[in-house]
Amino acid sequence: MQTDVLIIGAGATGTGIARDLALRGVHCVVTESGDINAGASGGNHGLLHSGGRYVSNDTEAARECHEENLLLKRLAPQCVEDCGGLFVAVQGDDENFIADYPGWCAKAGVPVKTIDPDLAREMEPVLSDKLIAAYEVADASIDPFKLSLENMAHAKALTGSTLLRRTAVIGFDIEAGRIVRVQLVNTVTGEKSSIEATQIVNAAGAWTDRVAAMAGADISMLYSQGTLLVTHERMTDRVVNRLRPPGDGDILVPGGTVSILGTTSVTIPNPDLARPTVAEVDVNVRQGAGMIPSLMDTRYVRAYCGVRPLISAGGGDGRSVSRGFALFDHEDANLSNFCSVAGGKLTTFRMMAEKTADLVCRRLGNTKPSLTVSEPLPEASACEWTEPGRAPKLWAARHDSGDELLCECEMVPASAVDEIIHSCRDEFPDPGLQALGKRSRIGKGSCQGAFCGVRVAAHLYENGQMDSRQGLVKMREFFEERFKGQRPALWNAQLVQAELAEALHCGLLGLELVNPDDPQEVE
Amino acid sequence: MTPSTNLTCDLAIVGTGIAGMAAAVFARKQGLSVVQAGSTGAISYTSGVFDVLGAIPASGKDDGIRTIHQPFAGIPALLEAFPGHPYGKISPEDIRCAFHDLIEFLRYAGVSYQAGSDRNYRVISPAGTLKHTWCVPKTVLPGCIALEEKTPTLILGFKGLKGFSARQVVANLKEFWPGLRAERIEFPGFESGELYTEQLARTLETPDARQRLAEAIAPLLSDARAVGMPAVMGMHRPIKVAQDLAMRLGVPVFEVPTMPPGVPGIRLKEAFEDKLPEIGVDLFCQQQISGTIPASDSPFTLRITGQPVEREVRANHVLLASGRFLGGGLAGSLDGIAETVFDLDVVQPETRSNWYQVDYFDPRGHAIHTTGLQTDDKFRPLDENNAPVHPRLFAAGSILAHQDWIRMKCGAGVAIATAYAAVEAIAKP
């Protein structure tokens with residue numbers, strides 16, 4: 001296979017680079033060892049920062065966030081809910097920090113408005129009655145899955161750029177300072193292949209240093225795991241931030257019909273080992289309850305975590321390292337067609353993509369400017385099912401009594417599953433439950449896939465999409481994956497739900513006993 | 001509010017799941033007066049088949065799960081791996097006696113069951129996996145026999161009934177059962193829209209509906225010598241519905257259990273709710289029951305709260321059969337697991353981090369399912385000094401510690417057998 005540019009990593013940055021390059025007429029292949037947004041782009045708050053979070057300790061990152069926030073609200077409004085945000089302090093919080101805050105905002109160019117704590121509590125009634133200060137900022141929430149899927153869809157529409165899912169880079173063939181070939185492996189089948197590209201871009205998030213090392217280039221990174229919690233219901237209209245230096249359990253972000261509470265910052269030795277823990281969940285809940293007391297009793301449906309790919313300039317923990325990004329041209333490693341980009345924020349992904357694409361185009365001799373600062377991101381119909389709350393609206397609007405509701409929590413009908421399979425057929429010929437879950441709200445409601453996973457599997461068998469005991473393996477994988485996030489959030493009502501789920505999956509269906517290679521239980 | 005009605009009884013049963021219902025049957029057989037109350041209960045979420053023992057979870061992470069084909073012969077191995085399992089306090093003969101008495105009552109209530117001899121039956125699940133279980137509704141039994149004999153069989157699905165695919169059942173079993181086929185039909189009278197098993201079951205109570213269903217199936221029979229379908233064959237006289245359909249088709253028909261809440265569970269709930277009052281149980285469903293532990297020489301004073309009238313119950317004995325988290329007998333909070341009625345001691349891991357293994361399908365199962373009440377040999381819950389909390393307070397069913405009914409496939413067995421043993425201890429102290 002051949003392409004102009006091979007991009008490693010299909011997160012917001014990788015797909016953003018593909019779109020930026022495609023807008024300049026460049027063909028790209030994006031290769032991803034998992035699926036779209038498998039790393040930090042899928043494991044974050046979904047917060048489009050106003051910049052207010054960083055004004056106290058990182059003026060540059062705050063300024064970048066502010067500028068990109070304005071751009072994305074204008075150019076990709078379908079991915080953004082412009083809900084606004086508050087920074088609030090409660091009794092006991094640092095009074096100097098509170099007093100200094102507007103000044104820091106002014107210095108970073110981040111607009112802020114002081115509001116009366118009573119008014120803030122009127123705006124968001126769940127706020128603590130111990131509120132002593134409140135500021136309004138331009139935070140918003142953003143759907144990172146829709147964003148990356150639409151970036152990719154646009155790149156495909158413009159230059160036929162493609163995405164290779166479940167395809168990992170295992171080596172580079174280097175000749176005379178150039179990567180002449182990239183060795184790949186399909187992480188599902190083990191099948192090996194290679195690809196030739198004029199330029200290679202490493203946007204592998206928390207794995208950027210490993211990919212660079214394969215080419216003999218050195219990047220020093222810090223992996224900071226952040227765990228977040230998903231509430232059963234949306235708790236506020238706006239983003240709510242704790243007005244204090246960035247810490248645990250400080251932000252509650254609305255995500256359509258739910259809210260996301262987070263996050264922790266735990267340095268881990270290996271990004272492959274990231275997993276939300278009970279201890280982090282407890283910290284988030286107890287800290288969050290300081291600004292919103294009902295976070296203590298609310299129902300959480302799951303937790304998840306992402307790994308911040310932080311560029312460590314020596315020393316410092318995860319909180320103190322800059323949220324700015326770094327672009328490496330790797331010329332010091334004697335490579336002329338390889339670059340890496342890492343660090344940054346979801347909010348600044350477009351800027352990272354633009355700067356990276358600028359470097360790539362300089363090397364390609366392409367003189368066209370970046371258009372992502374002015375060109376709106378087109379809405380792709382294949383992505384509509386990822387939007388929280390959209391499926392119920394569509395289902396109600398075109399309700400056809402023969403269209404079974406396979407997911408009752410999020411109201412995803414059978415027709416949606418069929419549409420996703422149809423529109424993504426060339427992208428994933430083997431429609432596993434996980435791929436469907438990523439492209440719809442399946443598995444994201446209060447039952448966390450316990451029931452819809454079984455119903456969708458039955459539907460896929462009925463349609464002939466599944467036709468062997470491998471379907472049972474796919475069911476197992478789906479439930480395993482959903483459990484990963486539920487495990488640390490199982491108490492109160494969600495624990496009851498989990499007991500029912502396991503009674504169904506193991507008690508009735510015996511999925512823990514399934515071994516498709518050893519059919520002796522039948523014989 | 002002042003209680004408007006006072007009740008006295010020999011035994012108050014807290015809980016309306018399988019354990020509580022079975023205990024009521026056994027206690028009435030012993031001549032005890034019984035008041036029973038509980039919240040919604042998980043009974044309609046049961047599969048309808050009664051497991052005694054189907055598997056022994058792994059002891060180490062790399063061990064496998066042992067599938068058990070002979071449940072009674074397997075109990076010593078279970079006790080070796082899980083020494084505190086409630087089966088250690090009851091003999092296999094008593095487990096059989098308990099099942100016998102309950103099956104007799106259920107037959108009287110219109111729901112017929114068949115217990116295995118020494119071996120488990122293998123029941124087809126809606127996913128096309130096999131469930132190893134000891135006692136099955138007679139409407140399920142012909143499917144176990146058809147599987148055993150590899151009879152050419154038609155599995156039938158209904159358009160609009162989600163969560164059940166005949167093609168899925170066949171895809172997962174056809175390799176070993178070559179004569180298995182799948183068809184999907186419109187259920188007569190329900191040609192469009194979503195179907196619900198409960199609604200279909202009630203429909204099939206009428207001969208007319210059965211005739212129309214048989215007419216729809218007949219052209220698809222071909223060489224099939226048995227027909228399996230989702231569990232919808234009637235609510236109150238399922239065996240009559242099954243026999244009638246079989247007669248019209250000329251081949252045995254059988255049920256495949258469906259996702260919860262399914263018809264076999266609802267049948268049990270309705271059978272108990274209809275017939276327990278007939279045998280003299282004062283049954284209060286959908287009610288909360290609360291109380292405190294009295295001095296050891298005093299009777300219990302319990303309060304049944306709910307609509308429309310509150311009642312005070314004076315009981316000489318109490319049997320706690322309130323279930324686990326789904327049933328409401330246990331509650332898990334950020335700080336730990338508590339028993340919800342009397343705040344009894346719960347055997348549990350040190351921290352919440354240890355409730356669950358990292359992997360969902362870990363062959364060892366999850367520690368949270370073996371949490372619960374520790375009891376003496378008479379099934380009386382123990383306090384922190386290992387002494388009975390009260391000489392006349394007993395516990396039965398899934399609230400007991402050291403059993404994992406989900407992974408061991410021993411839910412009905414533990415419920416029925418421990419209810420039996422506790423009632424024996426109450427009736428013959």
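Colleague: In this predicted model, is Gln286(B) buried, partly exposed or exposed?

Modeller: Gln286(B) sits in the loop between strand E13 (282–285) and strand E14 (288–291) of chain B. Its relative accessibility is 46%. Buried means under 20% and exposed means over 50%, so Gln286(B) counts as partly exposed.

Colleague: What is the phi angle of Gln286(B)?

Modeller: Gln286(B) is a residue other than glycine, and its phi is positive. The value is near 55°.

Colleague: Gln448(A) also has a positive phi, near 55°. Is Gln448(A) buried or exposed?

Modeller: Gln448(A) is found in the loop between helix H11 (433–438) and H12 of chain A. Its relative accessible area is 2%. The limit for a buried residue is under 20%, and therefore Gln448(A) is buried.

Colleague: Helix H12 (residues 452–462) of chain A meets helix H5 (residues 166–173) of chain B. How are H12(A) and H5(B) oriented to each other?

Modeller: Two packed helices are described by the angle between their axes and the distance between the axes. Here the axes come within 7 Å and cross at roughly 80°. Angles of 65 to 115 degrees count as roughly perpendicular, which makes the orientation of H12(A) to H5(B) roughly perpendicular.

Colleague: Which residues make this contact, and how many of them are nonpolar?

Modeller: From H12(A), the contact uses Ala457(A), Ala458(A), Tyr461(A) and Glu462(A). From H5(B), it uses Ala166(B), Arg167(B), Gln168(B), Ala171(B) and Asn172(B). By class, two of the residues in the contact are polar and two are charged, while the number of nonpolar residues is five.

Colleague: Which residues does Ala182(B) touch, leaving out those up to four places away in sequence?

Modeller: Ala182(B) is found in strand E10 of chain B, and at 26% relative accessibility it counts as partly exposed. Ala182(B) and Ile155(B) are 27 residues apart in sequence, yet their C-alpha atoms are 4.9 Å apart in space. The residues touched by Ala182(B) are Leu154(B), Ile155(B), Ala166(B), Arg167(B) and Val170(B).

Colleague: Where do the buried residues of helix H2 (residues 71–81) of chain B lie around its axis?

Modeller: The buried residues are Pro71(B), Phe72(B), Gly74(B), Ile75(B) and Leu78(B). An α-helix has 3.6 residues a turn, so residues three or four places apart point the same way. The buried residues cover an arc of only 130° around the axis, which puts them on the same side of H2(B).

Colleague: Which residues are exposed on the other side of H2(B), and which elements do the buried residues pack against?

Modeller: On the other side of H2(B), the exposed residues are Ala73(B), Pro76(B) and Glu80(B). The buried residues of H2(B) pack against three elements of chain B: strand E3 (55–56), helix H3 (92–108) and helix H10 (405–408).

Colleague: How many disulfides does the whole structure contain?

Modeller: A disulfide is a covalent bond between the sulfur atoms of two cysteines. The closest cysteine sulfur to that of Cys83(A) is in Cys79(A), 14 Å away, too far for a bond. Cys452(A) is in no disulfide either, with the nearest cysteine sulfur, that of Cys407(A), 4.3 Å away. Over all chains, the number of disulfides found is zero.

Colleague: Are Cys83(A) and Cys452(A) buried or exposed?

Modeller: Cys83(A) has a relative accessibility of 14% and counts as buried. For Cys452(A) the relative accessibility is 2%. The cut-off is under 20%, so Cys452(A) also counts as buried.

Colleague: Which residues does the cis peptide bond of chain A join?

Modeller: The omega angle of this bond is about -5°. One partner is found in the loop between strand E16 (258–262) and strand E17 (266–267) of chain A. The residues joined are Gly262(A) and Thr263(A).

Colleague: What is omega for the cis peptide bond between Pro260(B) and Pro261(B)?

Modeller: Pro261(B) lies in the loop between strand E12 (253–256) and helix H9 (263–278) of chain B. For the cis peptide bond that joins Pro260(B) to Pro261(B), omega is about -10°.

Note on methods: Residues numbered from 1 in each chain as written. Chains lettered and ligands numbered in written order. Predicted model: local features only at pLDDT ≥ 70, side-chain atom pairs only at ≥ 80, totals over all residues. Heavy atoms only, no water. Axes fitted to C-alpha atoms, helices over the stretch in contact; angles between N-to-C directions. Helix = DSSP H or I, 4+ residues; strand = E, 2+ residues; numbered from the N terminus. Parallel < 35°, antiparallel > 145°, perpendicular 65-115°, else oblique. Contact = heavy atoms within 4.5 Å. Nonpolar A, V, L, I, M, F, W, Y, C, P; charged D, E, K, R; others polar. Buried < 20%, exposed > 50% of the residue type's maximum accessible area, 1.4 Å probe, protein only. Arc of directions from axis to C-beta. Disulfide = S-S within 2.5 Å.
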